[in-house]
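Biologist: I should be grateful for a close look at one part of this protein, namely its nonpolar core and the loop that follows one of the contributing strands. Please describe how these portions are built.

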Amino acid sequence: VYYWKVQSLPRRSRRHIEKKILTFRGNKTFGMLPGLEPYSSYKLNVRVVNGKGEGPASPDKVFKTPEGVPSSPSFLKITNPTLDSLTLEWGSPTHPNGVLTSYILKFQPINNTHELGPLIEIRIPANESSLILKNLNYSTRYKFYFNAQTSVGSGSQITEEAVTIMDE
């Protein structure tokens with residue numbers, strides 16, 4: 001079985017095509033293809049091999065893999081601290097593995113003895129790349145947990161910490 005990735009969906013970027021070959025013994029009529037990427041388009045064909053060599057290829061068959069969960073966002077940067085606000089900026093996942101539906105931000109205050117306060121969760125539309133968090137406590141350290149989602153589920157999260165300023 002010869003198989004190769006045609007493209008990642010919905011991107012149309014073409015790159016060097018790396019064909020993979022998987023050999024099955026005997027009269028097998030089915031098998032599993034390892035290492036396929038989510039939300040991608042592939043082609044495959046089958047050839048019979050005997051003592052005389054490899055026979056002609058079957059017609060190419062196109063198939064698509066289903067969506068998966070995204071990789072973590074490429075970065076999370078926290079800037080512009082004020083008494084009661086912080087600005088968050090992020091980059092989309094390097095491997096979305098589907099259509100992003102939203103980002104999930106969770107955050108909580110950390111007190112002087114490193115105890116974590118109540119966890120707050122915010123769902124952010126997938127087309128956003130920044131957010132100003134307001135009404136925070138002054139001179140407080142916060143821990144942030146951030147990840148992206150597709151319809152399949154949540155990807156890996158990244159974490160960051162930041163502090164609001166003590167006084168203007």
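Modeller: The account below begins with the domains, proceeds to the core and ends at the loop. The model is predicted. The domain assignment divides the protein chain into domain 1, residues 2–64, and domain 2, residues 73–163. Between the C-alpha centres of domain 1 and domain 2 there is a separation of 40 Å.

The largest nonpolar core has 18 residues, among which Leu 88, Leu 105, Phe 144 and Phe 146 touch the most other members. Two or more residues of this core come from each of the elements β7 (73–79), β8 (86–93), β9 (102–110), β12 (141–149) and β13 (158–163). The greatest contribution is that of β12, which supplies four residues.

Leu 88 merits separate treatment. With residues up to four places away in sequence left out, Leu 88 touches Leu 76, Lys 77 and Ile 78, as well as Leu 105. The contacts of Leu 88 also include Ser 129, Ser 130, Leu 131 and Leu 133, together with Phe 144.

The loop between β12 and β13 contains Gly 153. Gly 153 counts as buried because its relative accessibility is 17%, and the limit for that class is under 20%. Apart from neighbours within four places in sequence, Gly 153 is in contact with Val 69, Pro 70 and Ala 148. Gly 153 and Pro 70 are 83 residues apart along the chain, yet their C-alpha atoms are separated by 8.2 Å.

Note on methods
Residues are numbered from 1 along each chain as its sequence is written. This is a predicted model: local features need pLDDT of at least 70, side-chain atom pairs count only at pLDDT 80 or more; totals for chains, interfaces and linings use all residues. Side-chain values use heavy atoms; hydrogens and water are left out. Domain bounds come from an automatic or database domain assignment. A nonpolar core is a set of buried Ala, Val, Leu, Ile, Met, Phe, Trp, Tyr and Cys residues joined through side-chain atoms within 4.5 Å. Buried means under 20% relative accessible area, exposed over 50%, partly exposed in between (1.4 Å probe, protein chains only). Contact means heavy atoms within 4.5 Å.
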